[in-house]
Amino acid sequence: MPIPHLGELAALGTAMLWTLSTLAWTSAGRYIGALPISFIRLLLTLVLVAGYQMLFYGTILPLPADGRTWCLLGISGFMGLFITDVCMFHSFLLIGPRIALLILSLSPPVAAVISWLWLGDWLHWWDWAAMGLTLAGVLWVVYEQPAKSQSLHYLRPEQSGWGVVLACCGAVGNAISLVLSKDGIGHYDAFSATYVRVLGAMGGYLVLISLLRAWPEIWAALCHRKAMKIVAAGSFVGPFLGVAFSMTAIRYAQPGVVAAILATMPVLILPFVVLVYRERVSLRAVLGALLAVVGVIGLVLNNHH
């Protein structure tokens, strides 16, 4: 007997799991820093994806595709899993996961504008209104006085400006990644596409860590037992369980509905930051997050009708 609204429930489960993994990255980052977290997380994801390919397709490599597909997906991974993740993980430690995730909600509006300019996807007046609503909600929260909502656990007021800039860079990188993925994936296998994207990001990390001579830092992070327990738990909850739930959601529900439910993460994280980090969340912060989420939901649902 089929479970009623299985796709929608799976999408809500995905949003919750990804919210929990975000909290895990923030907690682990206090012990070992943002760069080791983002690299080790991607390394674990690579192992999981490669294992899946071997188990179900009998090959350790992604399925064959034309050069354009691999190129677009590789650059998409570089932008989304390298540029975005490095920026976002640093911003988590400077301004906290609540505001960072809220700024990341600007990705769908930015992606819509890029898709309009690059792929010719027409934007209606409703799209512009929804994007304006999201932007207004984000700006309303970001421009709030820090003293009203700061957490003593991770917010560093003297660096909060850098945290906002990094989160904005992450949102733009994620938007570019979304457009490139849409243009490149076509009918290509979803797991192989993820594999190619991970490989594209891994190249960026190897170059950056080598240039910064940060390999001793990575090794020290791997030897930090407490941090590795948190990273392992976050990786299992997010990249593993979260992806499994998202696949179920996409299979049993409309993509627009799934995207709309996933867009609620800036609101879902509110009770967690209050309970876990004892953050003082003002009414303005709650209303701003709701406003931004309503804008994103309006945008994605309108584009899937």
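What follows is a walk through some helices of this structure, along with a few single residues. Keep in mind that this is a predicted model.

Let's start close to the beginning of the chain, with two helices. Helix H1 covers residues 6–32 and helix H2 covers residues 34–57. How should we describe the way they sit together? Two packed helices are described by the angle between their axes and by the distance between those axes. For H1 and H2, the angle is about 125° and the axes are 8 Å apart. Angles over 145 degrees would count as roughly antiparallel and angles from 65 to 115 as roughly perpendicular, so this pair falls into neither group and H1 and H2 are oblique to each other. The crossing of H1 past H2 is right-handed. On the H1 side, the residues that meet H2 are Trp-25, Ala-28, Gly-29 and Ile-32, while H2 brings Ala-34, Pro-36, Ile-37 and Arg-41. Sorted by class, this contact has six nonpolar residues, one polar and one charged.

While we're in H1, have a look at Ser-21, which lies in this helix. Is Ser-21 buried or exposed? Its relative accessibility is 5%, and buried means under 20%, so Ser-21 counts as buried. If you set aside its neighbours within four places in sequence, Ser-21 is in contact with Gly-234, Val-237 and Gly-238.

Now over to H2 for a quick check on its length. With 24 residues at 1.5 Å a residue, H2 should span 34 Å, and because its end C-alpha atoms are 34 Å apart, the two values agree. Just after H2 comes Gly-58, with a positive phi of about 70°.

Gly-58 has a counterpart further along that isn't a glycine: Arg-213 also takes a positive phi, of about 55°. Why pick it out? Because most residues other than glycine have a negative phi. You'll find Arg-213 in the loop between helix H7 (190–212) and helix H8 (215–222). Its relative accessible area is 74%, so Arg-213 is exposed.

Next, a pair of helices from distant parts of the numbering: H3 (residues 67–104) and H11 (residues 265–277). They pack at an angle of about 170°, with their axes 8 Å apart. That angle is over 145 degrees, so H3 is roughly antiparallel to H11. From H3, the contact is made by Pro-97, Arg-98, Leu-101 and Leu-102, and from H11 by Met-265, Pro-266, Ile-269, Leu-270, Val-273 and Tyr-277. Nine of these residues are nonpolar, none is polar and one is charged.

One more pair to visit is H4 (residues 107–118) with H6 (residues 160–185). Their axes come within 8 Å and cross at roughly 50°, which makes H4 oblique to H6. H4 passes H6 in a right-handed crossing. H4 contributes Ser-107, Val-110, Ala-111, Ile-114, Ser-115 and Trp-118 to the contact, and among the H6 residues are Ala-171, Asn-174, Leu-178, Lys-182 and Asp-183. By class, the contact has ten nonpolar residues, three polar and two charged.

Ser-115 also gives us a way to finish the tour. Ala-233 lies in helix H9 (residues 225–252), and at 41% relative accessibility it counts as partly exposed. How far is Ala-233 from Ser-115? Along the chain they are 118 residues apart, and their C-alpha atoms are separated by 35 Å.

Methods. Residues are numbered from 1 along each chain as its sequence is written. This is a predicted model: local features need pLDDT of at least 70, side-chain atom pairs count only at pLDDT 80 or more; totals for chains, interfaces and linings use all residues. Side-chain values use heavy atoms; hydrogens and water are left out. Axes are lines fitted to C-alpha atoms, for helices over the stretch in contact, and angles run from 0 to 180 degrees between N-to-C directions. Helices (H or I, at least four residues) and strands (E, at least two) are DSSP runs, numbered from the N terminus. Angles under 35 degrees count as roughly parallel, over 145 as roughly antiparallel, 65 to 115 as roughly perpendicular and the rest as oblique. A crossing is left-handed if the near helix is turned anticlockwise from the far one by less than a right angle, and right-handed if clockwise. Contact means heavy atoms within 4.5 Å. Ala, Val, Leu, Ile, Met, Phe, Trp, Tyr, Cys and Pro count as nonpolar, Asp, Glu, Lys and Arg as charged, and the others, Gly among them, as polar. Buried means under 20% relative accessible area, exposed over 50%, partly exposed in between (1.4 Å probe, protein chains only). The expected span of a helix is 1.5 Å times one less than its number of residues.
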